[in-house]
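Biologist: Could you walk me through this one? I'll keep asking how you know what you say.

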Amino acid sequence: MAMTARQQKIVTVAVRLLAERGIQQLTLKNLAAELKVSEPAIYRHFTGKYAILDAVLDSFAEIAQSVLDELPSDTMDPLTGIELFIRDRLERMSANPPLAKVMFSEELFQDDPRLAEKVLSIMHAHKARIETLILRGQAEGKIRPEIDPTVLFRLIFGPLRLLIKQWGLSGYRFELLAEGMKQWRTIRDLIELPGNRPE
């Protein structure tokens with residue numbers, strides 16, 4: 001369901017608070033103070049903290065899904081499709097560091113079973129779409145077929161998640177996009193079948 005402009009503003013501030021102070025400090029009182037409104041004003045848009053966190057996760061899912069939906073899994077070169085998804089992630093995180101910190105900190109949501117389940121569901125949805133590209137790449141002789149697609153997915157996105165975490169912990173001191181694409185090119189060299197790239 002589409003959010004109103006006011007709901008989106010609340011979610012944006014909630015993401016920043018989560019990134020800066022953690023989930024325990026994401027209270028309606030603190031959120032109202034940041035927004036310079038009363039607590040009842042927030043209740044006009046969300047029923048409570050859980051609904052806000054739910055909306056935060058929905059916004060993450062929508063961002064990633066919109067990128068995946070733009071990748072025609074039946075026609076685009078599979079490795080190009082994976083690269084475009086990675087590049088988009090890196091560009092979005094570079095432009096919005098608080099989003100990066102929250103999006104790649106699943107531990108923020110693990111104490112609430114409902115939210116943890118939602119995070120897992122989002123991960124599985126992304127995995128399924130990327131694995132479609134991997135499987136097609138294997139069938140077309142572009143990606144090494146002897147490696148299980150789930151293992152390949154983890155080999156590609158595990159290092160990406162680690163890189164984004166290191167970037168956040170370093171205080172955003174290095175160029176995320178440049179490092180991320182360098183990392184992807186190395187992984188691509190490892191998983192791509194020889195002779196796939198044109199000379």
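Modeller: From the N terminus on, the elements run α-α-α-α-α-α-α-α-α, so the chain has nine helices and zero strands under the DSSP-run definition. This is a predicted model, and its C-alpha trace spans about 65 × 35 × 30 Å along the principal axes.

Biologist: How do you know how far to trust the prediction, and which elements have the lowest and highest mean pLDDT?

Modeller: The chain averages a pLDDT of 86, and 94% of the residues score at least 70. Helix 4 has the lowest mean among the elements, at 80, while helix 9 has the highest, at 96. Where pLDDT is low, the predicted coordinates should not be read in detail.

Biologist: What makes Phe 85 and Phe 157 an edge-to-face pair?

Modeller: There are three aromatic pairs by this rule. Phe 85 and Phe 157 sit 5.8 Å apart, centre to centre, with 70° between the planes. Centres must lie within 6.5 Å, and planes over 60 degrees apart count as edge-to-face, so this pair earns the name. The two rings come from distant parts of the chain: Phe 85 is in helix 5 (residues 78-95) and Phe 157 is in helix 8, 72 residues apart. Both Phe 85 and Phe 157 are buried, and together with Phe 153 they form one aromatic cluster.

Biologist: And why do Trp 167 and Tyr 172 get the edge-to-face label?

Modeller: Their ring centres are 4.6 Å apart and the planes make an angle of 65°. That is within 6.5 Å and over 60 degrees, so edge-to-face it is.

Biologist: Why is Trp 167 called buried, and what is Tyr 172 called?

Modeller: Trp 167 has a relative accessible area of 4%. Buried means under 20%, so Trp 167 qualifies. Tyr 172 comes out at 34%, which lies between the 20% and 50% cut-offs, so Tyr 172 counts as partly exposed. Across the chain, buried residues make up 43% of the 199 residues.

Biologist: How far is Arg 114 from the ring centre of Tyr 50?

Modeller: Arg 114 is 3.7 Å from that ring centre and lies over the face of Tyr 50. The distance limit is 6 Å, so Arg 114 meets that part of the rule.

Biologist: On to the empty space. What lines the largest pocket, and which helix gives the most?

Modeller: About 420 Å³ of space lies in the largest pocket. Of its 20 lining residues, the closest to the centre are Glu 106, Ile 122, Met 123, His 126 and Arg 161. Helix 7 gives the most, with seven residues; helices 4, 5, 6, 7 and 8 each supply at least two.

Biologist: How does that lining divide by class?

Modeller: It has 14 nonpolar, two polar and four charged residues.

Biologist: And what about closed spaces: how many cavities of 30 Å³ or more are there?

Modeller: There are two. About 30 Å³ of space lies in the second largest, which is lined by Ile 86, Ile 156, Leu 160, Gly 180, Gln 183, Trp 184 and Ile 187. Helix 9 gives the most to that lining, with four residues; helix 8 and helix 9 each supply at least two.

Biologist: Why are two of those residues classed as polar?

Modeller: The lining divides into five nonpolar, two polar and no charged residues. Gly counts as polar by this scheme, so Gly 180 goes in that class, and so does Gln 183.

Note on methods. Residues are numbered from 1 along each chain as its sequence is written. This is a predicted model: local features need pLDDT of at least 70, side-chain atom pairs count only at pLDDT 80 or more; totals for chains, interfaces and linings use all residues. Side-chain values use heavy atoms; hydrogens and water are left out. On a 1 Å grid over the protein atoms alone, a cavity is a set of points where a 1.4 Å probe fits but cannot get out, and a pocket is an open set with protein on both sides within 12 Å along at least five of seven lines; lining residues have an atom within 4 Å of a point. Grid points are joined across faces, edges and corners, and a volume is the space filled by probe spheres set on the points. Rings of Phe, Tyr and Trp (its six-membered ring) pair if their centres lie within 6.5 Å; planes under 30 degrees apart count as stacked, over 60 as edge-to-face and the rest as tilted. Buried means under 20% relative accessible area, exposed over 50%, partly exposed in between (1.4 Å probe, protein chains only). A charge sits over a ring if NZ of Lys or CZ of Arg is within 6 Å of the ring centre and within 35 degrees of the ring normal. pLDDT is the predictor's confidence in each residue, from 0 to 100.
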